[in-house]
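Work through the following exercises with the sequence and the structure side by side, and try each task before reading its solution.

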Amino acid sequence: MNKGDYIVFEDTKKFALLQITGVNDDEVYGILEKNRAYDPVNHTVSKSDIVVNLGQRPPSGNVYGCLIEPYFRSETIDWGDLHWHIRPSKEERQSVKAELAKCLKILTRHKLMSFLPISIEVRLPKGRHAGSYKCVYDEDKTDVMVIRPKEGLDLRHVVLHESGHAVWNRILKSAKGKSKWIQAYHKHVQLAEIDSKIVIRLLKDLTESQERISDFRGQQEEDDAIVLDTIIDYIADYHSLTLKDLNTLTEAGESLAPYWPKHKLEISDLVPEVTEYSVKNVEEYFCECFALHLAGKKLPKAVTLLLDKTLTSLRGK
Ligand SMILES: [Zn+2]
């Protein structure tokens, strides 16, 4: 075992990573990898607790179920500090930085930069988690955003979503501003609770109207229209029938009952513009709406109006 080696050791039944700075007869000492980029902690490990020596340049990856993300390097960008816990290829590094620059441009356009500077950590993909945001309420430290890029991941959405947490916790402070979102969230979730009733009622209304489904769709209020669009998507997914097919059937006076969903639809199906994740809690709901809106995606009209109002009130705060 040598200075500079990375070791995995057992730390109260969990595995942890440490880079060795010194060795003696029965102990090694070094720096813990966790939070190393901004909060390096020295630690001593008994040699008997060492699980494996990974050498001087271990690649990122999984070892014995422990995510090995050796701190690679830091650089300063307009966001603050960018810490790499993966060894990126040149293309990877450029594409992550380009995406971050684009996101910052969007936030700047909305004058939402007062939460900066922050630290951004680039780490390995980990299950469903594509990112996280931690507010650090300590004068000498900065907030930490973690992003976990991987192929096919919409990194812009992740960065804007995580920025949403900063906006929610750091900028949107007034009870009045937040309460509008609590009300909007409540409305959104209620929609899911009564969905099967809406689904059944809409089929009844459609049948009674004797109209083509497209014409019927055009006459609905916004909430019903969203449900109807979801049902049309559902039928396309599960029965491979297009809106044109459904128009043909309804024009001929045929019932759509055989294709209509009979079970409760998930909230994500109900409001396809706001992702499934957004129902977790009010803050996540805000962050999802915020990210989709700033990325130029379409949201239900009421949400767009609320966001515009919120963003205007926050300008320059
Ligand atoms: Zn979130």
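**Exercise 1: Two packed helices**

In this predicted model, helix α2 (residues 155–171) packs with helix α9 (residues 282–294) at an angle of about 130°, and their axes are 8 Å apart. Decide which word describes the orientation of α2 and α9 to each other, and describe their contact by class of residue.

*Solution.* Begin with the general point that two packed helices are described by the angle between their axes and the distance between the axes. Angles over 145 degrees would count as roughly antiparallel and those from 65 to 115 as roughly perpendicular; the angle of about 130° belongs to neither range, and α2 and α9 are therefore oblique to each other. As for handedness, α2 passes α9 in a right-handed crossing. Turning to the residues, α2 contributes H157, L160, H161, G164, H165, V167 and W168, which meet E283, F286, C287, E288, F290, A291 and L294 of α9. Sorted by class, this contact of α2 with α9 holds 8 nonpolar, 4 polar and 2 charged residues.

**Exercise 2: A second partner for α2**

Describe how helix α1 (residues 90–109) and α2 cross, and name the residues that make the contact.

*Solution.* The axes of α1 and α2 come within 10 Å and cross at roughly 45°, which makes α1 oblique to α2. The crossing of α1 and α2 is right-handed. On the side of α1 the contact is made by E99, L100, K102, C103, I106 and L107, and on the side of α2 by L155, R156, V159, L160 and S163. By class, the contact of α1 with α2 comprises 7 nonpolar, 1 polar and 3 charged residues.

**Exercise 3: The sheet and its edges**

Find the order of the strands in the open sheet, and explain why one side of β8 and one side of β11 are left without a neighbour in the sheet.

*Solution.* The sheet has 5 strands in the order β8-β9-β10-β12-β11, with mixed pairing. Strands β8 and β11 (131–134) stand at the edges and have a single partner strand each, so one side of each lacks a neighbour in the sheet. Helix α2 packs on this sheet, where it touches β11 and β12 (144–147), and its direction makes about 20° with that of β11.

Now look at β8 in detail: 5 bridges join β8 to strand β9 (residues 80–84), and the two run antiparallel. A hairpin through 2 residues links β8 to β9; I77 stands opposite G80 in β9, while T76 stands opposite D81. Finally, of the 5 residues of β8 (residues 73–77) the number buried is 0, so β8 lies largely in the open.

Key: Residues are numbered from 1 along each chain as its sequence is written. This is a predicted model: local features need pLDDT of at least 70, side-chain atom pairs count only at pLDDT 80 or more; totals for chains, interfaces and linings use all residues. A residue is buried if 20 or more other C-beta atoms lie within 10 Å of its own, exposed if 12 or fewer, and partly exposed in between; C-beta atoms are placed from the backbone. Helices (H or I, at least four residues) and strands (E, at least two) are DSSP runs, numbered from the N terminus. Two strands pair if DSSP finds at least two bridges between them. Two residues are in contact if their C-beta atoms, placed from the backbone, lie within 7 Å. Axes are lines fitted to C-alpha atoms, for helices over the stretch in contact, and angles run from 0 to 180 degrees between N-to-C directions. Angles under 35 degrees count as roughly parallel, over 145 as roughly antiparallel, 65 to 115 as roughly perpendicular and the rest as oblique. A crossing is left-handed if the near helix is turned anticlockwise from the far one by less than a right angle, and right-handed if clockwise. Ala, Val, Leu, Ile, Met, Phe, Trp, Tyr, Cys and Pro count as nonpolar, Asp, Glu, Lys and Arg as charged, and the others, Gly among them, as polar.
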